[in-house]
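Please look through the sequence and the three-dimensional model shown here, and keep both at hand while reading the report that follows.

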Amino acid sequence: MIKSSIAVTRVVNSCVLLELDGHPVLTDPWFTERWWLRRGEPLGLGIGDLPPLAAIVVTNLATNHWDLRGLRALPAKDTTPLYVPTAGMARRAQALGFLRAERLSWGQTRDVAPGVSMRVVPAGRTLIWPNNAYAFETAGGRVFFGGEIADVALVERYRAQQPPADLALLPVNGLRPLFGPRLVMGPAQAVAGSSVLGARVLVPVHDAHGHDPLSRLFRTNGTASDAARLSGPDLLVTDLPTGERWELPC
């Protein structure tokens, strides 16, 4: 059996270490809690546990997706590409030493490593700020990461012009403020989005929700287990514990 060229280690929330043909890419970094913002699950990897990164990608500016304080301890900041959705985030990262921090807009593409390409996908907005999703393509397959996406219609628009994905990483807890629209997908939307993408595997992200002062203003609506219950025979939902490495079967 040929070893898979795509592997996933979930760190916490939507922070995931992707290994794409051996090139590590970190998503939505979150390593340091705040008194007002707790993880609700164990931290799977610390900054010191990370391999040298080919790139870091960030979906939005919320602290649990964009922990710039935690990234201060990352080695090789000056050579690690860091892709963010706003110019202000890029400026803050550059001031911290990420000389290759860059704002990427919807539809832009980059080669993040030899044989690994990436496309920025529209993922809606948080208030007035854009959310990015990211689609990766390697010789071993295609991965869609939507760490803060809420609307299946956005996935449908992407899929209408792009080939199917093999692996989807989509949020499942349906987080929403007490008064206002849903911020991320719930289990039903994650399963539907995975099906639209043509993915054979869904790895849920944005699942746990810590008990802290901020959590009193939000409610969740579902878990990874609910997504597994809702999925059909053509979709495998892999509820990945934090810190556990998983390989996409060939």
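Asn13 sits in the loop between β1 and β2 (15-20), and in this model, which is predicted, Asn13 has a positive phi of about 50° although it is not a glycine. With a relative accessibility of 4%, Asn13 counts as buried, because buried means under 20% relative accessible area. A similar description can be given for Asp28, which is found in the loop between β3 (23-27) and β4 (55-57). Asp28 is not a glycine either, and its phi is positive at about 35°, while its relative accessibility of 0% places Asp28 among the buried residues.

Strand β1 (residues 6-12) contains Thr9, which is buried with a relative accessible area of 5%. Leaving aside residues up to four places away in sequence, Thr9 touches Val16, Leu17 and Glu19, as well as Leu45, Gly243, Glu244 and Arg245.

**Two helices with a buried side**

Which residues of α3 are buried? They are Val152, Leu154, Val155 and Tyr158, and because they cover an arc of only 155° around the axis, they lie on the same side of α3. The cover over these buried residues of α3 includes the strands β8 (116-126), β9 (129-138) and β10, together with the helix α4 (187-197).

In α4, the buried residues are Pro187, Ala190, Val191, Gly193, Ser194 and Leu197. Viewed down the axis of α4, they fall within an arc of 160°, so they line one face of the helix. A general property of helices helps in reading such patterns: an α-helix has 3.6 residues a turn, so residues three or four places apart point the same way. The buried residues of α4 pack against α3 and α5 (224-230), and also against the strands β10, β11 (167-171) and β13 (201-205). Just after α4 comes Gly198, which takes a positive phi of about 80°.

**An aromatic pair**

How many aromatic pairs does a search of the whole structure find? The search finds one, and it is formed by Phe144 and Tyr158, whose ring centres are 5.3 Å apart and whose planes stand at 55°, so the pair is tilted. Since Phe144 belongs to strand β10 (residues 141-145) and Tyr158 to helix α3 (residues 152-159), the pair ties together parts that are 14 residues apart in sequence. Both partners count as buried, Phe144 at 0% relative accessibility and Tyr158 at 13%.

**Pockets**

The table sets out the two pockets by their volume and by the classes of the residues that line them.

| Pocket | Volume | Nonpolar | Polar | Charged |
|---|---|---|---|---|
| Largest pocket | about 520 Å³ | 12 residues | 10 residues | five residues |
| Second largest pocket | about 190 Å³ | five residues | two residues | five residues |

The largest pocket is lined by 27 residues, and of these the closest to its centre are Ala62, Glu148, Leu183, Leu214 and Phe218. The lining of the second largest pocket includes Arg34, Leu61, Thr63, Trp66 and Asp67, and further residues of this lining are Leu68, Arg69, Arg72, Thr86, Met89, Arg92 and Leu96. Two helices, α1 (68-71) and α2 (87-96), each supply at least two residues of the lining of the second largest pocket, and the largest share of that lining, three residues, comes from α2.

Notes:
Residues numbered from 1 in each chain as written. Predicted model: local features only at pLDDT ≥ 70, side-chain atom pairs only at ≥ 80, totals over all residues. Heavy atoms only, no water. Phe/Tyr/Trp six-rings, centres within 6.5 Å; stacked < 30°, edge-to-face > 60°. Helix = DSSP H or I, 4+ residues; strand = E, 2+ residues; numbered from the N terminus. Buried < 20%, exposed > 50% of the residue type's maximum accessible area, 1.4 Å probe, protein only. 1 Å grid on protein atoms, 1.4 Å probe; cavity = no way out; pocket = protein on both sides within 12 Å on 5 of 7 lines; lining within 4 Å. Points joined across faces, edges and corners; volume = space filled by probe spheres on them. Nonpolar A, V, L, I, M, F, W, Y, C, P; charged D, E, K, R; others polar. Arc of directions from axis to C-beta. Contact = heavy atoms within 4.5 Å.
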